[in-house]
Amino acid sequence: MDSIHIWGGVALQGEVCIQGSKNATLPILAATLLTGECSYIGNCPRISDVYAMTSLLQSLGCIVSWQENGILVDSSRVKRGDMCSEAVRGMRSSLCLLGAMLGRCGEVVMEHPGGCVIGSRPIDLHISALEQMGVEFQEEAGLLKAFAPRLHGARIRLPKPSVGATENIILAGVMAEGDTVLEGAAREPEVTALCRYLQGCGACIEGIGTECLGIRGGRKLYGTDFRVPADRIVAGTYLLACIGTGGSIFLENAPREEMKAVTDLARRMGGKLCISEKGIYVQGPDRPRAVECIRTEPYPGFPTDLQSVALAVETVGDGDTVIEERIFENRFRVVEELRRMGACIEQTDEARVLVRGVPVLHGACTEAKELRGGAALVAAGLMARGKSCVSGCLYIYRGYENICRDFRELGARIISV
Ligand code: UD1
């Protein structure tokens, strides 16, 4: 099931229900380690990254089971030890087990975490923040060893609002002795969801959703039930694909408040939107308007995870668009693939491409090289005339529960093979 075949040129029509958020589920599953009790995390997406996280939790001694659309984690018998290396290597967010295991056991040994190849993805911010909280690190034969003889609160300033580093500081901070003040925190909704879960467990965190968090350490945490919010990136992918195909769809449960930058862009591209508590209705234009510049930024700006999909839509825009990537370097790997479909794109420098809209893309065989770029190629296939084939789709299944089923529900002719 590594490839997706698409017979494009069909305007999307209908409604689709949006899955739970991958980037919220993963750190919350890691956080279940902190309680030593049972938590039920509802609305978890059935995607390979979540399966990898549950097998990591099992390897650490948790009892994990799927129940309906959620995961029950009993972390009462967590043991110290190494984390199963294959799962760590494949998944960047295994990094949040660093903060969680330090909080729970005071030590952890893990491989350098993997993740999609989008830039160098260093972990220096995680390390320096945790060092300020009393953690000592050693690197030996590719292994990262961390010990916290006494995990304590600290006043930390992040030079960049890293989502993962913010999550690790929160995970360690709620278990540390004393208070932590974090300035320059990431404000992404997934950080907020993690804080809300921890609050439900009894943690005291102030400033949630702002760039300054106050975390009271050392409180006893209890297991709790929590429902993961809908995935703003999956909803944004389908919304932008609708703009690109000139369709009209309803995104049930789409987290409208977290999607303002995306819905604003969709309107600037000529979409008509009707946003309600139940979800987002969007009607695409005959041809997307070329927006002068689309720039990625930390939340609440336009998300880097939707940059490639927006780029794919503007390949058929009615003029020129500059796409500026300000979060990750090397996040334009989709460009050469889109060119195979007739797109006219020039890379002007490392962080910018100029897209010159063409009237129509044609079907072609392309290769997904990372998760969101892969989803962008599927969207491009839906927009294109004729048949497309996207290989390397295992990347896509890391983040989309069933992208083919969802697009079929919207009338597309698409299958995984
Ligand atoms: C998370 C998301 C990812 C999203 C990204 C930015 C998860 C599982 N993944 O990734 O989908 O694209 O946020 O919204 O939630 N950086 C450093 N040093 C560090 C850490 C990060 O320089 O120690 C840099 C990165 O290279 C990047 C920027 O900070 O340029 C932001 O990265 P970060 O927010 O940490 O991304 P992730 O948490 O890995």
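Reader: What makes up the lining of the largest cavity, by class?

Author: Three nonpolar, two polar and four charged residues. This is a predicted model, by the way. The lining residues are R333, V334, E367, A368, K369, E370, G373, G374 and L377. Helix α12 (residues 371-383) gives the largest share, three residues.

Reader: Why do G373 and G374 not count as nonpolar there?

Author: Because Gly is put among the polar residues, G373 and G374 from the lining go into the polar class.

Reader: How do you know that the largest cavity belongs in the count of cavities of 30 Å³ or more?

Author: Check its volume: about 40 Å³ of space lies in it, and the cut-off is 30 Å³ or more. So the largest cavity is in, and the count by this rule comes to two.

Reader: Which residues line the second largest cavity?

Author: S21, K22, N23, E190, D231, I233 and R372. By class, that lining has one nonpolar, two polar and four charged residues.

Reader: Okay, now the ligand. Why is the pair between I327 and the ligand called a polar contact?

Author: The cut-off is 3.5 Å between N or O atoms. A backbone N or O atom of I327 lies 2.5 Å from an oxygen atom of the ligand, so the pair passes. L125, with a polar backbone atom 2.8 Å from a ligand oxygen, and P122, with one at 3.2 Å, pass too, because both values are within 3.5 Å.

Reader: How much of the ligand does the protein cover?

Author: 90% of the 740 Å² of accessible area that the ligand has on its own. The ligand is surrounded by 19 residues, and α5 (124-132) gives the most to that shell, with three residues.

Key: Residues numbered from 1 in each chain as written. Predicted model: local features only at pLDDT ≥ 70, side-chain atom pairs only at ≥ 80, totals over all residues. Heavy atoms only, no water. Near = heavy atom within 4 Å. Polar contact = N/O pair within 3.5 Å; in protein donor to acceptor, adjacent residues only side chain to side chain. Areas by Shrake-Rupley, 256 points an atom, 1.4 Å probe, with all protein chains shown as cover. Helix = DSSP H or I, 4+ residues; strand = E, 2+ residues; numbered from the N terminus. 1 Å grid on protein atoms, 1.4 Å probe; cavity = no way out; pocket = protein on both sides within 12 Å on 5 of 7 lines; lining within 4 Å.
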